[in-house]
Amino acid sequence: MLKNVILVGFMGSGKSSIGRELSQKLGYPLIDTDALIVERAGKPIRKIFEEDGEPAFRDLESEILSALASNRPERRIIATGGGIVTRPENRGTLRSLGYVVWLVVSPAEILRRTSRSGERPLLNNDDPEETIGTLLAERQALYRETAHLNVETDGLTLTEITAGIVESARYHFANL
Ligand code: S3P
C-alpha cells in the first residue's frame with residue numbers, strides 16, 4: 001500500500017490546516033487537490049463554478065486525482081475538496097493512494113467556519129445552513145465508505161487531532 005495520508009471531509013472540516021500540521025510533523029509534502037485544480041484551470045474555484053458549472057469542476061477534480069494516483073506518490077499528505085467522494089471512481093482511487101482519514105465536524109461548526117469566506121460557491125446562497133444539512137446527508141455515507149479512520153474533531157485542538165492521526169497512521173502502516 002502507498003504510504004500517503006489522505007484527508008477527506010466536508011467543507012470547513014479543517015483538511016487544509018490539519019494537512020499543513022501533518023506535513024510539518026511528518027516532513028511529508030502537502031498536496032492539495034483544490035490547489036491543483038486552480039492551477040490547471042488558471043482561475044479560482046468560484047470562477048470555475050460560475051463559468052463552467054459544477055459538472056465541469058467535478059470532471060477536472062476526477063482528472064487531477066487520477067493523474068496524481070498514476071504517479072504513485074509516496075510520503076505525501078493529500079488534502080482533498082469536500083465533494084471529491086461524490087464520484088464513485090474517486091472513492092476507489094483515494095483508498096488506493098493510502099490511509100484515508102475522514103475529519104468529522106458538526107453542522108454548526110461547519111456553518112461557523114465557512115461563513116467567513118465567500119470562496120465556497122456551493123454555500124453562496126440564502127440558506128447555507130440548509131445546504132450544509134442536505135449535502136451532509138448525501139455525503140456522510142460516502143465519507144464513511146471511503147475512509148479507514150473517522151476523527152471527530154469538534155472540541156479538539158489542531159495538535160491533538162494531528163497527534164491522533166499520526167499515531168493511527170503509524171499503526172496502519174506498521175511504521176511510517
Ligand atoms: C466543495 C468543496 C471545496 C471545493 C469546491 C467544492 C464541495 O473544497 O472543492 O468548492 O463540493 O464540498 P473544501 O472542502 O476544501 O472547501
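Start by selecting Y143 in this predicted model. Y143 counts as buried, at 1% relative accessibility. Next, add W102 to the selection: the two residues form a stacked aromatic pair, with 5.6 Å from centre to centre and 25 degrees between the planes. The angle is under 30 degrees, so the pair is called stacked. W102 is also buried, at 5% relative accessibility.

Now colour the elements that carry these rings. W102 lies in strand β4 and Y143 in helix α7, residues 128-146, so the pair ties together parts that are 41 residues apart in sequence.

Stay on strand β4 and select Y99. The strand covers residues 99-104. A search of the whole structure finds three aromatic pairs, and one of them joins Y99 to F173. This pair is edge-to-face, with 6.1 Å between the centres and 65 degrees between the planes. F173 belongs to helix α8, residues 158-173, so the contact with Y99 in β4 links parts that are 74 residues apart in sequence. Is Y99 buried or exposed? Y99 is buried, because its relative accessibility is 5% and the limit for that label is under 20%. F173 is buried as well, with a relative accessible area of 10%.

Next, show the ligand. The ligand sits in the largest pocket. Select the residues around it: 13 residues surround the ligand, and the closest are K15, D34, R58, R120 and R139.

Which contacts are worth drawing as distances? Begin with R58, where a polar side-chain atom lies 2.6 Å from an oxygen atom of the ligand. Then turn on the backbone of G82, which places an N or O atom 2.9 Å from an oxygen atom of the ligand. At G83, a polar backbone atom is 3.3 Å from a ligand oxygen atom. To see how far the ligand is covered, show the protein surface: taken alone the ligand exposes 390 Å², and the protein buries 94% of that.

For the last stop, select S13. Where is S13 found? This residue is in the loop between β1 (5-8) and α1 (15-26). S13 counts as buried, at 1% relative accessibility. Add F10 and draw one more distance: a polar atom of the S13 side chain lies 2.7 Å from the backbone oxygen of F10.

Note on methods: Residues numbered from 1 in each chain as written. Predicted model: local features only at pLDDT ≥ 70, side-chain atom pairs only at ≥ 80, totals over all residues. Heavy atoms only, no water. Phe/Tyr/Trp six-rings, centres within 6.5 Å; stacked < 30°, edge-to-face > 60°. Helix = DSSP H or I, 4+ residues; strand = E, 2+ residues; numbered from the N terminus. Buried < 20%, exposed > 50% of the residue type's maximum accessible area, 1.4 Å probe, protein only. Near = heavy atom within 4 Å. Polar contact = N/O pair within 3.5 Å; in protein donor to acceptor, adjacent residues only side chain to side chain. Areas by Shrake-Rupley, 256 points an atom, 1.4 Å probe, with all protein chains shown as cover. 1 Å grid on protein atoms, 1.4 Å probe; cavity = no way out; pocket = protein on both sides within 12 Å on 5 of 7 lines; lining within 4 Å. Sits in = over half its atoms within 2 Å of the grid points.
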